[in-house]
Amino acid sequence: MLVCEYLIRAAHQFPAKIALVRGEDRYTYTQLWHAANSVANWLTASHYPPGFRGAILTDDPFEYISLYFGIQQAGGIVVGLNTQTAERSLLATLGDCGAAVVFANSKFVRQVDKVAACLPFLKHMVCDSGGEAGLAASSSSERASLTDVLLSDNVQPPSLPQPLRGSDIAQIIYTSGTTGTPKGVMLRHENLVANTESIINYLHLTAEDRGMAVLPFFYSYGNSVLLTHVAAGAGLVVNQNFVYPNVILDEMQREQVTGFAGVPSTFALLLHRSAVRNYSFPSLRYLTQAGAAMAPKLARALKEVFPGVDIFVMYGQTEASPRLSYLPPGDLQRKPGSIGKAIPGVKLQLLDPAGRSVGLREVGEIVAQGKNIMAGYWGRPEESATVLTRDGLRTGDLAWMDEEGFFYIFSRKSDVIKSGSHRIAPKEIEEIIHEHEAVHEVAVIGVEDEILGEALKACVVLKAGRGCTEREIVIHCRKNLPAFKVPHLVDFHSELPKTATGKICKGKLGGRTSRIPPPGERGKP
Amino acid sequence: MQDMSDDKKLIREFMLENFLFGSEESALADDASFLDQGIIDSTGVLELTSWLEETFSIQFFDEEMLPENLDSVNKLLVFIKKKKGLGVADACL
């Protein structure tokens, strides 16, 4: 089975079924399939070789889904780009994967235009408007119309010179590395298919389901929400803008969704900053949370607000396509704080640094085996070999296991910060802040935050005799980083705590703080 | 009582200072959607409402956290006026 065959199968089994709801717009499986075929036929006619990288930069779900499956049907590798990206990151990602074609929604054309001249492998830029003159002047890439490519009359399935195999790379997902340079996680068709089937199995997803998708598809969690629903022939209601949770709740009620996937900050916003208690969701069957274990207090609150709804806590990482474990709803209150057990088809072990299994209730690194484990990091054989060991995928997450085999996260080996739905490498932010002329040294840490899980705090030491304000640091970051990587807090220090070898002790810089007033301090009737 | 044009000035200053980081005045049109322009995210809305509550001595209820109340300078002015029990016609002065 190939990932792109999911859409073909759904279009044959449920041709007239609504596959996608985007605001007032409705798209059937046939419409998505035809658009994907149109994309694939254009790529085939443009003579893209097998394994080419096709990058997608759009916040429109119809475009994203059609392009995603179209690129794969044409034998290409999908690279979904973060729509909240700065030029520097965009250039780094497109350059790293050697994208041959970029499909950009008109909102993002200007950004791609600015970096196109620095991308020697870029053959086509497919977009509708904005910046045409700029591209012509700055790049040798050809331009094509996104609307024409998506909605041509050529909707027959493409014929490929050679058939695709399950071991072919289907997708590269960029993820924050500890080095600060995003790494491209290569996922084979068979990796994604194995994980998709397993998730469908434990969530009992069927064609009768209709999921609410608020998480972006370019991250692995959103990607798995997309694939599981298409594979099950289910429907998706997509609104990836969570600025106004009440708008999402209206849609959930109106569209009678059966499932909702979120990260801890999603549920914190729903519980504390929305009118969720004024709604009822008779169709809602389940909630899923990934990104962290669920705090017992949050679990209790969700059970109260969503009575009779199954709550699945899940754990994984992009390198595992992404799911590795889940906590069955029936164990949520019995096993508070647990990430559950391995999903079907996955084996989890806890190993010490020497590769030996640790005992019950002893802390070890989670090491995973299964068909869902990535092929490696794109163009980084040494880093791939570091995590893909004989024992399996070394996740970098430390955990312990109880007598019944339930896992509990203890800490992360890396200092990656989980803020909202984002994974952020502090080093990338530190490098940017360090470029400020007044900064001597800096450490960026995650501090507990009521809504985000972790907020970003920059601890800055200025050069002798130099002055600089918090606002100047923030403006500097704003110019060079996407909004979600801009520190929420900036503290100035005379020096940073160090180890004997001169390494900054980030553990001594932490402390609970929040920039947002806690629930209850805002106005209540 | 504070004049509406003062309210607009205050809101614009806050938005420019905190979300547009001192950009030119022209960077923020009074009827521009904060959402469509990518000016504000989910936590930004919370910062904005906290500031509005404190500055204008009003209270936001959970069901009022909607784009029709919060998503542009003009919408904020109308909403603040409504909360204060003033006539809507004066809101966007």
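**Exercise 1. Two helix crossings in chain A**

Task: Give the handedness of the crossing of helix 1 and helix 3 of chain A, and describe the contact.

Solution. In this predicted model, helix 1 of chain A crosses helix 3 of chain A in the left-handed sense. Helix 1 covers residues 3-13 and helix 3 covers residues 61-73; their axes are 8 Å apart and the packing angle is about 115°. Next, list the residues that touch. Helix 1 of chain A supplies Val3(A), Cys4(A) and Leu7(A), while helix 3 of chain A supplies Phe69(A), Gln72(A) and Gln73(A). Finally, sort them by class: four are nonpolar, two are polar and none is charged.

Task: Do the same for helix 14 and helix 15 of chain A, starting from the angle at which their axes cross.

Solution. Helix 14 (residues 426-434) and helix 15 (residues 470-480) of chain A cross at roughly 115°, and their axes come within 9 Å. This crossing is right-handed. On the side of helix 14 of chain A the contact uses Ile429(A), Ile432(A) and Ile433(A); on the side of helix 15 of chain A it uses Ile473(A), Cys477(A) and Asn480(A). By class, the contact has five nonpolar residues, one polar residue and no charged residue.

**Exercise 2. Strand 3 in its sheet**

Task: State the strand order of the open sheet of eight strands in chain A, then place strand 3 in it.

Solution. The order is 7-6-5-3-4-8-9-19, and the pairing is mixed. The edges are strand 7 (142-144) and strand 19 (376-377) of chain A, each of which pairs on one side only. In the order, strand 3 stands between strand 5 and strand 4, and each of these pairings can be taken in turn.

- Strand 3 (residues 53-57) of chain A runs parallel to strand 5 (residues 101-104) of chain A, and four bridges join them. Here Leu57(A) is opposite Ala104(A) of strand 5.
- Strand 3 of chain A is also parallel to strand 4 (residues 77-80) of chain A, again over four bridges. Here Ala55(A) has Val79(A) of strand 4 as its bridge partner.

Task: Which residues of strand 3 of chain A point one way, and which the other way?

Solution. Arg53(A), Ala55(A) and Leu57(A) point one way, whereas Gly54(A) and Ile56(A) point the other way. Both groups are buried, in line with the count for strand 3 of chain A: five of its five residues are buried.

**Exercise 3. The surroundings of Val39(A)**

Task: Is Val39(A) buried or exposed, and why?

Solution. Val39(A) is a residue of helix 2 (residues 29-45) of chain A. A residue is buried if 20 or more other C-beta atoms lie within 10 Å of its own. Val39(A) has 31 C-beta neighbours inside 10 Å, so Val39(A) counts as buried. Leaving aside neighbours within four places in sequence, its contacts are Ser66(A), Leu67(A), Gly70(A), Ile71(A), Val149(A) and Leu150(A). The C-alpha atoms of Val39(A) and Tyr68(A) are 9.3 Å apart, with a separation of 29 residues in sequence.

**Exercise 4. Two serines with positive phi**

Task: Describe the backbone and burial of Ser321(A).

Solution. Ser321(A) is not a glycine, yet its phi is positive, at about 75°. Ser321(A) sits in the loop between strand 14 and strand 15 of chain A. The peptide bond that leads from Ser321(A) to Pro322(A) is cis, with omega near 10°. Pro322(A) belongs to that loop too, between strand 14 (310-316) and strand 15 (323-327) of chain A. Ser321(A) counts as buried because 33 C-beta neighbours lie inside 10 Å.

Task: Is Ser57(B) buried or exposed?

Solution. Ser57(B) lies in the loop between helix 2 and helix 3 (67-70) of chain B. Its phi is positive, near 50°, and the residue is not a glycine. The cut-off for an exposed residue is 12 or fewer neighbours. Ser57(B) has 9 C-beta neighbours inside 10 Å, so Ser57(B) counts as exposed.

**Exercise 5. Chain B**

Task: How many residues of chain B are in contact with chain A, and which element gives the largest share?

Solution. The contact joins 20 residues of chain B to 22 residues of chain A. On the chain B side, helix 2 (residues 42-56) gives the largest share, seven residues. That side has ten nonpolar, five polar and five charged residues.

Task: Which residues of helix 4 of chain B are buried?

Solution. Helix 4 (residues 73-84) of chain B has twelve residues and reaches 16 Å between its first and last C-alpha. Its buried residues are Lys75(B), Leu76(B), Leu77(B), Phe79(B), Ile80(B) and Lys81(B). After helix 4 of chain B comes Gly85(B), with a positive phi near 75°.

Methods
Residues numbered from 1 in each chain as written. Chains lettered and ligands numbered in written order. Predicted model: local features only at pLDDT ≥ 70, side-chain atom pairs only at ≥ 80, totals over all residues. Axes fitted to C-alpha atoms, helices over the stretch in contact; angles between N-to-C directions. Left-handed = near helix turned anticlockwise from the far one by under 90°. Contact = placed C-beta atoms within 7 Å. Nonpolar A, V, L, I, M, F, W, Y, C, P; charged D, E, K, R; others polar. Pairing = 2+ DSSP bridges. Expected span 1.5 Å × (residues − 1).
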